[in-house]
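Reader: I'm new to this one, and I'd like a close look at a single part rather than a full tour. Could you walk me through the salt bridges?

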Amino acid sequence: QVQLVESGGGLVQAGGSLRLSCAASGRTSSRYAMGWFRQAPGKEREFVAAINWSGGDTVYAGSVKGRFTISRDNAKNTMYLQMNSLKPEDTAVYYCAAKYTVVVVITYDYWGQGTQVTVSS
């Protein structure tokens, strides 16, 4: 199985940027799709973005489209989420996820522990 560790969260002012990383380890020799989710206090976890194995196919939630960019570097077993024009409503714990498939998906089998992103107004 694959293990996932997120990093890059923090406190940023509205309008600012952050880049999250998700490092994968374990059974990384098999191909896997990845995605980002987030959970704000008192709310359910929601989908943010997804990327297929090759990185050539991506999907975004409407609330982040045009502001966030998902990417991956398979040589480094790492996925990224570049977040620009951040808003207070982007405040949440961000989770990365993986599934052993080559196509883009929005349901996953493996999850990281999460990294906190706080956007101040």
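**A close look at the salt bridges**

Author: Let's start with one pair: glutamate 46 and arginine 38 bring their side chains together in a salt bridge, with 2.6 Å from N to O. Keep in mind that this is a predicted model. The two partners sit in different surroundings: glutamate 46 is partly exposed, at 35% relative accessible area, whereas arginine 38 has just 6%. Arginine 38 counts as buried because that value falls under the 20% cut-off.

Arginine 38 also has a second partner. Its side chain meets that of aspartate 90 in another salt bridge, this time at 2.9 Å, N to O. Here the link ties together distant parts of the chain: arginine 38 belongs to strand β4 (residues 33-39), while aspartate 90 lies in the loop between β8 (78-83) and β9, 52 residues apart. Both aspartate 90 and arginine 38 are buried.

Now follow aspartate 90 onward. Its side chain forms a salt bridge with arginine 67 as well, at 2.7 Å from N to O. This pair again joins distant parts of the chain, 23 residues apart, with arginine 67 in the loop between β6 (58-60) and β7 (68-73) and aspartate 90 in the loop between β8 and β9. Arginine 67 is buried, and so is aspartate 90.

Put those pairs together and you get the picture: Arg38, Glu46, Arg67 and Asp90 are linked in a network of salt bridges. For context, a search of the whole structure turns up four salt bridges.

Note on methods. Residues numbered from 1 in each chain as written. Predicted model: local features only at pLDDT ≥ 70, side-chain atom pairs only at ≥ 80, totals over all residues. Heavy atoms only, no water. Buried < 20%, exposed > 50% of the residue type's maximum accessible area, 1.4 Å probe, protein only. Helix = DSSP H or I, 4+ residues; strand = E, 2+ residues; numbered from the N terminus.
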